[in-house]
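Trainee: I am new to this structure and would like to look closely at one part before trying to follow the rest. Could you choose a stretch and walk me through it slowly?

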Amino acid sequence: MEVRTRKIKAEDYQIRGGRMKKCKKNRKNVKKITLANQLSLKKLLSLSSNSENNSQIMKKECVLVCGGAGYIGSHTTVELINAGYDVVVVDNFSNSDISAVENVRKITGAEIPCIEADCCDMEAFRKVFEKYDFNSAIHFAASKAVGESVQKPMMYYRNNLTSLMNLIDLMREFGRQNIVFSSSCTVYGEPDKQPVTELTPRKPATSPYGNTKQISEDFLRDSVAAYEGLKSIALRYFNPIGAHPSALIGELPRGVPQNLVPYVTQTAAGIRECLSIFGDDYNTPDGSCIRDYIDVTDLAKAHVAAINRMVEGKSEERYEVFNVGTGRGVSVLELVNKFQEVNNVKLNYKIAPRRAGDIIAIWADPTRANTVLGWKAERTIEETLASAWAWEKHLRGIK
Ligand SMILES: NC(=O)c1ccc[n+]([C@@H]2O[C@H](COP(=O)([O-])OP(=O)(O)OC[C@H]3O[C@@H](n4cnc5c(N)ncnc54)[C@H](O)[C@@H]3O)[C@@H](O)[C@H]2O)c1
């Protein structure tokens with residue numbers, strides 16, 4: 001079996017204080033070798049380095065984080081660095097700000113190369129592959145507002161699918177191996193049974209955004225089946241909320257927030273007059289919709305577990321799917337009451353009519369992620385809601 005991998009030269013790496021810094025490489029060094037002979041990056045580094053700090057250096061591999069300035073990407077960058085990886089960020093800042101990367105640098109003390117480029121622009125994206133060496137990439141670089149996707153479907157199909165297709169093509173061209181993909185529980189639609197497992201059938205998508213997630217999963221499944229050098233893990237996120245405990249990074253919505261928690265925190269901060277809860281007459285215990293709210297730092301750690309699994313050669317299949325949720329369904333009303341209680345703030349809210357397209361209830365069965373991936377959600381909803389409020393206060397300068 002043949003795979004494409006890279007020939008590593010010790011001088012391609014700047015090693016300072018036992019840390020492998022920039023992962024600079026030239027694509028001319030791409031070379032075909034057999035799988036049997038394939039040496040991992042770790043092994044090659046250990047062979048090619050004369051440093052006495054090999055054990056530390058061997059921990060380092062580089063991960064490309066596409067969309068790393070965004071909400072989940074910035075938290076994942078922190079956790080990758082905490083876990084001993086080097087990170088290169090690429091982002092077009094269409095829904096984020098460079099300050100998020102600067103704050104990740106502050107939190108971690110790491111030098112993080114950040115390239116402003118559009119992953120849909122093949123030539124610009126190729127330059128990132130020419131310049132940096134990494135064997136793993138995470139794809140966060142997508143547009144994510146369900147409502148907007150209904151208004152502007154072609155923008156969603158173009159951005160979400162082209163950026164992923166370009167990533168797959170470049171991974172193949174440069175002999176890079178591992179892709180983690182940001183999928184979503186939207187692929188399950190309105191499930192017939194709770195909680196949902198990875199075997200719960202995907203239902204026809206209810207929005208262009210949801211459709212891009214289903215198609216992207218299919219792209220990855222089919223690409224991995226066809227191209228032996230590739231491996232991929234799709235993480236189906238439930239509802240990410242909260243912010244980093246430092247309050248230096250968090251969700252930064254542009255305009256009116258589309259997600260519940262940023263709307264809650266902005267209402268508490270006095271930026272929004274009143275929070276609308278869409279429907280209290282659903283067939284749920286308190287009549288409001290039920291979701292599985294996952295702390296963003298916990299979610300970030302799931303990406304580290306997925307990268308570790310592929311880097312360490314532990315994948316059972318070359319394409320795998322995991323639910324990333326807590327396994328706990330929390331209603332919208334419960335969440336709003338909990339937010340007020342934990343943060344000792346009063347929220348102005350009203351019950352509004354049901355919103356078209358809202359799923360009534362969904363929560364994860366995270367058993368597969370817990371047992372196979374070795375990842376488990378750890379933070380309590382109280383900690384998470386306190387972190388969300390601390391982040392909003394930090395943003396608005398509220399004491
Ligand atoms: N936040 C959620 O509730 C949620 C739930 C399920 C899945 N997801 C998925 O997770 C991923 C990250 O979500 P997020 O909440 O961090 O969103 P985000 O908008 O905060 O982050 C996405 C980042 O990608 C960048 N980007 C978008 N298109 C790009 C392109 N073509 N080239 C380069 N950069 C590009 C944006 O500027 C932004 O920094 C997305 O794929 C999203 O669909 C998010």
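Mentor: Let us begin where a helix ends: α7 is followed by Gly 175, whose phi is positive, near 65°. Helices (H or I, at least four residues) and strands (E, at least two) are DSSP runs, numbered from the N terminus. Before going further, please keep in mind that this is a predicted model, in which local features need pLDDT of at least 70 and side-chain atom pairs count only at pLDDT 80 or more, while totals for chains, interfaces and linings use all residues. Residues are numbered from 1 along each chain as its sequence is written.

Going back along the chain, α7 itself covers residues 153–173, and its 21 residues reach 29 Å from the first C-alpha to the last, close to the 30 Å expected at 1.5 Å a residue (the expected span is 1.5 Å times one less than the number of residues). Among its buried residues are Tyr 156, Asn 159, Asn 160, Ser 163 and Leu 164, where buried means that 20 or more other C-beta atoms, placed from the backbone, lie within 10 Å of the residue's own. The buried residues of α7 pack against β5, α5, β8, α6, β9 and α8, with contact taken as C-beta atoms, placed from the backbone, within 7 Å.

One of those partners, β9 (178–184), deserves the same care, for 7 of its 7 residues are buried. Asn 178, Val 180, Ser 182 and Ser 184 point one way from the strand, whereas Ile 179, Phe 181 and Ser 183 point the other way.

β9 runs parallel to β8, to which 4 bridges join it, and Ile 138 stands opposite Val 180 there. β9 also pairs in the parallel sense with β10 (residues 231–237) over 7 bridges, a pairing that requires DSSP to find at least two bridges between the strands, and here Phe 181 stands opposite Ala 234. From β9 the chain passes through α8 to reach β10, in a right-handed β-α-β crossover, that is, one whose path from the first strand over the helix to the second runs clockwise when the strands point away from the viewer.

Both elements also take part in the surroundings of the ligand, since α7 and β9 are among those that each supply at least two residues of the shell around it. Ser 182 of β9 is one of the residues that come nearest, among the 27 around the ligand, a residue being near if its C-beta atom, placed from the backbone, lies within 6 Å.

Methods
A residue is buried if 20 or more other C-beta atoms lie within 10 Å of its own, exposed if 12 or fewer, and partly exposed in between; C-beta atoms are placed from the backbone. Two residues are in contact if their C-beta atoms, placed from the backbone, lie within 7 Å.
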